[in-house]
Amino acid sequence: MTQTDRAARVDIALADPASADAQYCLAAYFREIDHRFSGGFDPGKGGNVPDHDDFLPPRGSLLVAHLDGEAIGCGALRTLSSGVGEIKRMWISPNARGLGLGRRLLAELEAQAVQHAFHTVRLDTNATLDEALALYRSSGYHEIPRFNDNPYAQHWFEKSLR
């Protein structure tokens, strides 16, 4: 099976953050960044840590990507302020990387942002996540000054959806 065939079989859909598939993806995301960040990662460190309700309508959304019924990725959106959303927790399984799913998931999150009437989306990322930095820059995000107190972020981005 080709990469194109695999990519075509991926479904991305809204999910409850408490669902087994969402929890699986979020746990895998946290394990990976704990491994990749120098000094590790503590999801409770820093202020303004989102809770599950932040990723449920009307405050936000959580998407899970599935390939042949297996959860292989996630991404979330939450409200920052009136008209402004924040993209969080983007992760693709190492087994599914190279299929263009990061870009596809980001586009689906932006579509969710439009449905939530957000005119702007923001996100932050760690300098060690080279592939995330490249994705965001190539998807029309531009760097902005720090907008949160995330102790793990070194880059803050914004994109207008208008």
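Modeller: Before we look at the sheet, keep one rule in mind: two strands pair if DSSP finds at least two bridges between them. The model in front of you is predicted.

Colleague: With that rule, in what order do the seven strands form the sheet?

Modeller: As a general idea, strands of a sheet pair through backbone hydrogen bonds, and they do so either parallel or antiparallel. Here the seven strands follow the order β1-β2-β3-β4-β5-β7-β6, and they make an open sheet with mixed pairing. The edges are held by β1 (10-14) and β6 (142-143), and since each of them has a single partner strand, one side of each is left without a neighbour in the sheet.

Colleague: How many bridges join β5 to β7, and do these strands run parallel or antiparallel?

Modeller: There are six bridges between β5 and β7, and the two strands run antiparallel. To follow this pairing residue by residue, start at valine 121, whose bridge partner in β7 is lysine 159, and then go to arginine 122, which stands opposite glutamate 158 of β7.

Colleague: How many bridges join β4 to β5, and which way do these two run, parallel or antiparallel?

Modeller: β4 and β5 are joined by three bridges and run parallel; valine 84, for example, has threonine 120 in β5 as its bridge partner. Between these two strands the chain passes through α3, and the resulting β-α-β crossover is right-handed. As for burial, β5 is mostly covered, with five of its six residues buried.

Colleague: Which residues of helix α4 are buried?

Modeller: The general idea is that an α-helix has 3.6 residues a turn, so residues three or four places apart point the same way. In α4, which spans residues 130-138, the buried residues are Ala132, Leu133, Leu135 and Tyr136. Because they cover an arc of only 165° around the axis, they lie on the same side of α4. These buried residues pack against β4 (84-92), α3 (101-115), β5 (120-125) and β7 (155-160). The helix as a whole lies across β4, β5, β6 and β7, and its direction is at about 25° to that of β7. After α4 comes glycine 140, which has a positive phi near 95°.

Colleague: Which residues other than glycine have a positive phi here?

Modeller: In general, most residues other than glycine have a negative phi, and most peptide bonds are trans. In this model, aspartate 68 has a positive phi of about 55°, and arginine 89 has one near 60°. Their surroundings can be read in turn: aspartate 68 sits in the loop between β2 and β3 and is exposed, with a relative accessible area of 54%, while arginine 89 belongs to strand β4 and is buried, with a relative accessible area of 11%.

Colleague: And where is a cis peptide bond found?

Modeller: A cis peptide bond joins proline 57 and proline 58, with omega at about 10°. Proline 58 lies in the loop between α2 (20-36) and β2.

Colleague: Is glutamate 110 buried or exposed?

Modeller: The cut-off matters here, since buried means under 20% relative accessible area. Glutamate 110, at 13% relative accessibility, therefore counts as buried. This residue is part of helix α3, and, apart from its neighbours within four places in sequence, glutamate 110 is in contact with Tyr141, Lys159 and Leu161. Its C-alpha atom is separated by 8.6 Å from that of isoleucine 87, although the two residues are 23 residues apart along the chain.

Colleague: Which residues have the most contacts inside the largest nonpolar core?

Modeller: That core has 44 residues, and those with the most contacts inside it are Ile87, Met90, Tyr136 and Tyr141. The elements that give two or more residues to the core are β1, α2, β2, β3, β4, α3, β5 and α4, and α2 gives the most, with six residues. To see one of these positions in detail, select methionine 90: leaving out residues up to four places away in sequence, methionine 90 touches several residues, including Tyr29, Cys74, Leu105, Leu109, Leu135 and Tyr136.

Note on methods: Residues numbered from 1 in each chain as written. Predicted model: local features only at pLDDT ≥ 70, side-chain atom pairs only at ≥ 80, totals over all residues. Heavy atoms only, no water. Buried < 20%, exposed > 50% of the residue type's maximum accessible area, 1.4 Å probe, protein only. Helix = DSSP H or I, 4+ residues; strand = E, 2+ residues; numbered from the N terminus. Arc of directions from axis to C-beta. Contact = heavy atoms within 4.5 Å. Axes fitted to C-alpha atoms, helices over the stretch in contact; angles between N-to-C directions. Right-handed = clockwise from strand over helix to strand, strands pointing away. Core = buried A, V, L, I, M, F, W, Y, C linked by side-chain atoms within 4.5 Å.
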